[in-house]
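Q: Please take a close look at one part of this structure: the second largest cavity. What lines it, and how is that lining made up?

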2 protein chains.
Amino acid sequence: MLDVIGAESNILLYDLQTSRRSDSGSYELQLRLPNRDFKEQKVVSVTRKDQVYSILRQAIISSQLAPGEAIRKELVAAQLGVSRTPVSDAINRLADEGLVEIYPQTGTFVARLWLDKIETAQFVRVALETAAIRRTAERANPEALGRFRQNLEDQRKAANSRDFEQFYELDEALHDLICDAAGLVGLREIASKERSQIDRVRRLLLHYEARMVETLAEHEAIISAIADKDADRAAATMEAHIAQMGKMLLHLKIKRPELFGS
Amino acid sequence: MLDVIGAESNILLYDLQTSRRSDSGSYELQLRLPNRDFKEQKVVSVTRKDQVYSILRQAIISSQLAPGEAIRKELVAAQLGVSRTPVSDAINRLADEGLVEIYPQTGTFVARLWLDKIETAQFVRVALETAAIRRTAERANPEALGRFRQNLEDQRKAANSRDFEQFYELDEALHDLICDAAGLVGLREIASKERSQIDRVRRLLLHYEARMVETLAEHEAIISAIADKDADRAAATMEAHIAQMGKMLLHLKIKRPELFGS
DNA sequence: CAATAACATCTAACATGTTACATACCGACT
DNA sequence: AGTCGGTATGTAACATGTTAGATGTTATTG
């Protein structure tokens, strides 16, 4: 469902209204599980606020909503056909995640890029992923390795056809695979949340510098290190990757200072 | 101000009403900084939802609110003298943090202890803190080391006088010090959030088994390893500490299964 | 008596009205 | 002309009313 309705001030959003019980048909996204006494792996509750959250997050990470841009809650609510409540809830969550900045009584803005926060996010990401890799390496999982390689293969195809979106989805999927391979419940969600800043920056840089090929090579080096169960080398490769990103960020800041907050 | 007003169903909460603009006096907790164009280190906006969040979080981590216990939003709102909105906002944030479980259209409960989630939280905590230690060690900070030792000294005093609360505050403060020493903006907040599960469990176990002395020894071993710039040993010590905790958790689960969810 | 369907109840989710505050603008006063 | 103070405006924060759905209970039916 989810019809695109477009688009004021370069915002591309969707209409949630259609997923309501307006017709007698099933509404796909509204399924909820009442697993009160079950295992509870994050209740599959797709409430309106969850949907709004996903839509806004996607829009921010893909830079459809540019850093620094104002977010009119009321406008968003109107565009999505919901009230202000679920929009506020979604935005609060995004603020916790560092993707929006809320100034009390004043306004809400897509978070600008703060170099020091990005540095911290990088640190967290490396810490979590190298630890995950270390753990994965210890338990030697050939199927996981196969999935990594399949993913890299797909990345190569996407890079060849210069398909940014596809490439990026695969990139994120690879990180998810690495987290999953560690076999820890909920680790992927935590890592994904902490990575959101980085994901946004990387996608921005990818568009900006179009260095998919180099990125791919870095990914391959990391996976290769994992295959050799060499967590230290994997970590070192990541560090190098990050240093590279730091340089590019400085370039970007010179050319597009309006995206930055520091 | 925050007067204690007490307490239905073993809940100890506070009255926020008094911090409103009912008198002409200043209201301490209400200060906000309008630093729209400033460095923005988390706007010092102490809104009602922030206060409710802090109060509830404290209550949950200290187990004043027991795992599995129902949280009546409306009741909490009434007790705190606020409406349901800031309470809901606070609870949403706590749900993100994994401290409460929300079942749509059904109820909100203090999160039970899920062994697999605790395992993940431990993993994240170790990953972040050993990385922080590694970074701290690299940049050799004698003042930080002094602060660590002062903290340990205070912990020793608290342990001797068997002051749980004080001991625990110092314990958390030590972890904050370690994070700060890494010199990364916002790392402490991230680590603190990811640690909340663990903090709750540890405090529970501390009350339960009263092993402050042993815990203190473990802390001393960790700091000693840091002083020697031996991140690997620090990590190993933490791992041992965690294994210990895992055993105690299994005991606790047998004696008090109602606290657990898995 | 067991299974099931109608129903009562309770709560989160959602909608919407109201308030307080940050900011910008504008005019008066020095 | 520049500073200060009042005022207008817009938004998040807060309050409260309404809806939908999950659950437990009771009536009903085989």
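A: In this predicted model, α7 and α9 (231-255) of chain A each supply at least two residues of the lining of the second largest cavity. α9(A) gives the most, with four residues. The space inside is about 90 Å³.

The lining residues are A:Arg202, A:Leu205, A:Leu206, A:Arg211, A:Thr215, A:His241, A:Gln244, A:Met245 and A:Met248. By class, four are nonpolar, three polar and two charged.

Now set this beside the largest cavity. Its volume is about 110 Å³. The lining here belongs to chain B: B:Tyr168, B:Asp171, B:Arg202, B:Leu205, B:Leu206, B:Arg211, B:Thr215, B:His241, B:Gln244, B:Met245 and B:Met248. Three elements of chain B give two or more residues each: α6 (164-181), α7 (187-209) and α9 (231-255). α9(B) has the largest share, four residues. The class split is five nonpolar, three polar and three charged. In total, the structure holds three cavities of 30 Å³ or more.

One element of the cavity lining also turns up at the chain contact. There are four salt bridges between chain A and chain B. α7 (187-209) of chain A gives two or more residues to the side that touches chain B, as do α3 (84-97), β3 (100-103) and α4 (115-138). α4(A) gives the most to that side, with 11 residues. That side of chain A has 17 nonpolar, seven polar and 15 charged residues. One salt bridge joins the side chains of B:Glu119 and A:Arg135, at 3.7 Å, N to O.

Note on methods
Residues numbered from 1 in each chain as written. Chains lettered and ligands numbered in written order. Predicted model: local features only at pLDDT ≥ 70, side-chain atom pairs only at ≥ 80, totals over all residues. Heavy atoms only, no water. Nonpolar A, V, L, I, M, F, W, Y, C, P; charged D, E, K, R; others polar. 1 Å grid on protein atoms, 1.4 Å probe; cavity = no way out; pocket = protein on both sides within 12 Å on 5 of 7 lines; lining within 4 Å. Points joined across faces, edges and corners; volume = space filled by probe spheres on them.
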